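Me: Please take one part of this model and look at it closely with me, starting from a single turn of the chain and working outward. I work at the bench, so plain language and residue names suit me best.

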Amino acid sequence: MSQNFQSTSGQMQGTGGQMSQTGGQQMGGQGMRFSEIETPQMREMTQTIHRAAMTCEWCADQCIQEADPMMIECIQMCEDVSELAEVAETFVPRQSRFERSVLQTLQQAMQACAQECGRHSHAHCQECAEELHRATDAIQQYLSMGQQGQSMQQGQMQGSGMQGGMQMMSR
């Protein structure tokens with residue numbers, strides 16, 4: 001059974017059904033479902049990540065135009081952050097089991113990139129470093145909220161005797 005998918009403004013449309021960024025719709029008519037529940041905190045964090053990625057792309061472009069060999073590390077780190085951010089922007093809304101690992105890796109890359117950019121006196125590097133600091137703070141806050149939410153859920157399930165099932169299903 002062949003499915004022809006075409007991407008249009010954030011939606012994948014197929015002959016047997018639809019799947020969209022808002023989730024909950026049938027995928028390919030096969031009865032498979034997925035959920036993308038976007039909270040305000042999640043939306044704010046992904047927007048902050050997106051801004052940081054765009055700033056890194058701009059910074060890398062500016063560094064390339066300078067043709068200064070001392071900027072190679074800055075360019076590479078900015079590109080790494082930008083690409084990792086794209087992965088995070090995909091994993092977070094669908095609540096992937098790897099969301100936490102991806103965000104932690106992105107956060108580490110952002111911290112290293114902010115440190116590298118901060119070493120340079122160029123205005124674009126300084127602006128990039130500032131944006132990256134905001135993004136790492138947003139990720140840390142989001143990850144901390146996730147830990148609190150998981151602890152609360154596990155505490156509630158202990159009272160109902162479902163702790164073992166939760167451990168098996170946990171990310």
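## From a loop into the core

Reply: Let's start with Ala67, which sits in the loop between helix H1 (40-66) and helix H2 (72-91). Please keep in mind throughout that this is a predicted model. The backbone at Ala67 has a phi near 50°, a positive value in a residue that is not glycine. This positive phi comes just after H1. Ala67 has a relative accessibility of 64%, so it counts as exposed.

A second loop has a residue of this kind. Gln95, in the loop between H2 and helix H3 (99-118), also has a positive phi of about 50° although it is not a glycine. Gln95 counts as partly exposed, because its relative accessibility is 27%.

Now step back from Ala67 into H1 itself. This helix has 27 residues and runs 39 Å from its first C-alpha to its last, close to the 39 Å expected at 1.5 Å a residue. Many of its side chains are worth finding on your screen: among the buried residues of H1 are Met42, Met45, Ile49, Ala52, Ala53, Cys56, Cys59, Ala60 and Cys63. The buried set also includes the threonines Thr46, Thr48 and Thr55.

Where do nonpolar residues of this kind gather? The largest nonpolar core has 35 residues, and Cys78, Leu103, Cys117 and Leu132 have the most contacts inside it. H1, H2, H3 and helix H4 (123-159) each give two or more residues to this core. As a general background, nonpolar side chains in soluble globular proteins tend to be buried together.

Cys78 is a good place to stop and look around. Leaving aside residues up to four places away in sequence, Cys78 touches Cys56, Cys59, Ala60, Cys113, Cys117 and Cys128. Three of these partners, Cys56, Cys59 and Ala60, are on the list of buried residues in H1.

With so many cysteines in contact, you will naturally want to know about bonds between them. How many disulfides does the structure hold? The structure holds 0 disulfides. Cys56 is in none, and the nearest cysteine sulfur, that of Cys128, lies 3.6 Å away. The cut-off for a disulfide is 2.5 Å between sulfur atoms, so the 3.6 Å between Cys56 and Cys128 does not qualify. Cys59 tells a similar story: its closest cysteine sulfur is in Cys125, and at 3.8 Å this is too far for a bond. Cys56 has 0% relative accessibility, so it counts as buried. Cys59 is buried as well, because its relative accessible area is 0%.

H1 also has a charged link to another helix. A search of the whole structure finds 3 salt bridges. In one of them the side chains of Arg51 and Glu131 meet, with 3.7 Å from N to O. This pair joins distant parts of the chain, as Arg51 is in H1 and Glu131 is in H4, 80 residues apart. Is Glu131 buried or exposed? Glu131 counts as buried, because its relative accessible area is 10%. Arg51 has a relative accessible area of 43%, so it counts as partly exposed.

Glu131 has a second partner. Its side chain also meets that of Arg134 in a salt bridge, at 2.8 Å from N to O. Both residues lie in H4, 3 residues apart, which is about one turn of the helix. Arg134 is partly exposed, because its relative accessible area is 45%. Taken together, Arg51, Glu131 and Arg134 are linked in a network of salt bridges.

Elsewhere, Glu116 and Arg119 form a salt bridge through their side chains, at 2.7 Å from N to O. Glu116 has 8% relative accessibility and therefore counts as buried, while Arg119, at 61%, counts as exposed.

One more residue to visit is Arg100, which lies in H3. Arg100 has 29% relative accessibility, so it counts as partly exposed. Arg100 and Tyr142 are 42 residues apart in sequence, and their C-alpha atoms are 9.8 Å apart in space.

Terms used: Residues are numbered from 1 along each chain as its sequence is written. This is a predicted model: local features need pLDDT of at least 70, side-chain atom pairs count only at pLDDT 80 or more; totals for chains, interfaces and linings use all residues. Side-chain values use heavy atoms; hydrogens and water are left out. Helices (H or I, at least four residues) and strands (E, at least two) are DSSP runs, numbered from the N terminus. Buried means under 20% relative accessible area, exposed over 50%, partly exposed in between (1.4 Å probe, protein chains only). A nonpolar core is a set of buried Ala, Val, Leu, Ile, Met, Phe, Trp, Tyr and Cys residues joined through side-chain atoms within 4.5 Å. Contact means heavy atoms within 4.5 Å. A salt bridge is a side-chain nitrogen of Lys or Arg within 4 Å of a carboxyl oxygen of Asp or Glu. The expected span of a helix is 1.5 Å times one less than its number of residues.
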